[in-house]
Amino acid sequence: MFSSHYKYVSEIINQGLEKASLDGVLIYSGHVHNYFLDDMPYAFACNPHFKWMVPITETPHCIIHYKSDSKPILYLYQPKDYWHSLPKTLEGEWSEFFDIIPITCKEDVPDFSDLKNHGWIGQDDSCEFDNLQHNPKKYMDYIHWHRAVKTKYEIESIKKANKLALKGHKAAENCFRKGYSEFESHLAYMLATKHNEYQLPYGNIIAQNENGSVLHYQHMQRFRHQQGSLKSFLIDAGCQVNGYASDITRTYSFDNNDEFAKLIQAVDKMQVKIGKQATTGTNYVDLHTKAHLMIAEILKDFDIIKCDALTAHDTGLTNVFLPHGLGHYLGLQVHDIGGHQKSPAGKIKSPPKLHPFLRLTRTLEKNNVLTIEPGIYFIGMLLEKAKADDLGEYINWNRVDDFKPYGGIRIEDNIVVKKNNPVNLTRE
Ligand SMILES: [Mn+2]
């Protein structure tokens, strides 16, 4: 499976080189940065251009030298270092596509200062050669556009990352059902997925009660709620396999039969429905708008708002309850780059004024992988603002008060775009 992936990748890179009039690129895996005044580093995050070609995700200072007319060379960093153990040399199908040259220190890196017409692809402070074009825009735009279409190998990796994350979700939910703390759910997730904190594609969002209304809630309370006061649980957590991420959210009510549980069911049903519409040729902005109208219907059915769906959308009332985008591209990055591109040449299609946070404005292509993550939240700050902005008359405040202690709902799956029947990697 990797060989057909590599074939696609090298075709796209060759075309990118041609567009940018380059003979080759040096793709740098990255390096760590230390904290201010300290010798402790921030966690390493691998350059997505690097792990697109080589599934080595935890090793800094590696360089791929890629030229369209010869076999690429991988300078694989293996320091002679008694502080750390050596990075695992991953044998695999990928290795046959590279000439692998181990390097142990900076001095082993060849002098690239004579290279002509080459790009350097890597973080801002990483390029030490004036002759290299640092992240040439034409090349980057072309790659980022085409990276949105995923190969079988990539889809399989994201599928595995889904499977693994779901194990963690189950373990975390079990903790919630037993009345354990947010932090205990988090630990159960880590144990079930065998992930380290730095291996997660993003920090787990694990929220009980009102905390579910904070979109990127980060605190993980250590205490257990007293019996009877634990109401709801929202978990947004993923995994990584071969450097590819999953990004999944579920919401639960402690009482499976209360109004909040019914509201979750309604969002869940709507989420599945909208996910099935992620087909080739669909514009994601339209899908996002459709989702808002569907959310408005649910708000109306539950007597939370008092106007029709179209009014709710056009006045911005639905943004009060759903203040984020329907979803985003997913892959080597949780929010895979290129979602606002208009073409491979890099022109930008910005999100509509009413929905500035939408990360994806492109027309969907077969084998795009993206998230579908609608929600309904009861966010104090936005509700107060709505009141001040004269949207208050449309809101049934008694109902809002009923739901506020539950925080909010988000349901998120990972979807592969197809011509007719998109594949749901999370549910299938
Ligand atoms: Mn997401």
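Val-25 has Tyr-66 of strand 2 as its bridge partner, a handy place to start looking around this predicted model. The two strands involved in the next pairing are strand 1 (residues 24-28) and strand 2 (residues 63-67), which run antiparallel to one another over 5 bridges. Strands of a sheet pair through backbone hydrogen bonds, in either a parallel or an antiparallel way.

Zooming out, the open sheet is built from 6 strands in the order 4-3-2-1-5-6, with mixed pairing. Which strands stand at its edges? They are strand 4 (99-103) and strand 6 (133-134); each has a single partner strand, so one side of each lacks a neighbour in the sheet.

Now for two loop residues, set side by side:

| Residue | Loop location | Relative accessibility |
|---|---|---|
| Lys-194 | between helix 5 (182-193) and strand 7 (205-208) | 69%, exposed |
| Asn-283 | between helix 6 (259-275) and helix 7 (284-301) | 13%, buried |

Why does Lys-194 count as exposed? Its relative accessibility is 69%, and the cut-off for exposed is over 50%. Lys-194 also has company: together with Lys-159, Lys-163 and Lys-167, it forms a patch of positive charge on the surface.

Asn-283 counts as buried because its relative accessible area is 13%, where buried means under 20%. If you follow the chain from Asn-283 to Lys-306, the two are 23 residues apart, and their C-alpha atoms are separated by 30 Å.

Key:
Residues numbered from 1 in each chain as written. Predicted model: local features only at pLDDT ≥ 70, side-chain atom pairs only at ≥ 80, totals over all residues. Heavy atoms only, no water. Patch = residues over 30% accessible without salt bridge, like charges linked within 9 Å, V, L, I, M, F, W, Y side chains within 5 Å. Areas by Shrake-Rupley, 256 points an atom, 1.4 Å probe, with all protein chains shown as cover. Salt bridge = Lys/Arg side-chain N within 4 Å of Asp/Glu carboxyl O. Lys, Arg positive; Asp, Glu negative; His and termini not counted. Charge placed at Lys NZ, Arg CZ, Asp CG, Glu CD. Helix = DSSP H or I, 4+ residues; strand = E, 2+ residues; numbered from the N terminus. Buried < 20%, exposed > 50% of the residue type's maximum accessible area, 1.4 Å probe, protein only. Pairing = 2+ DSSP bridges.
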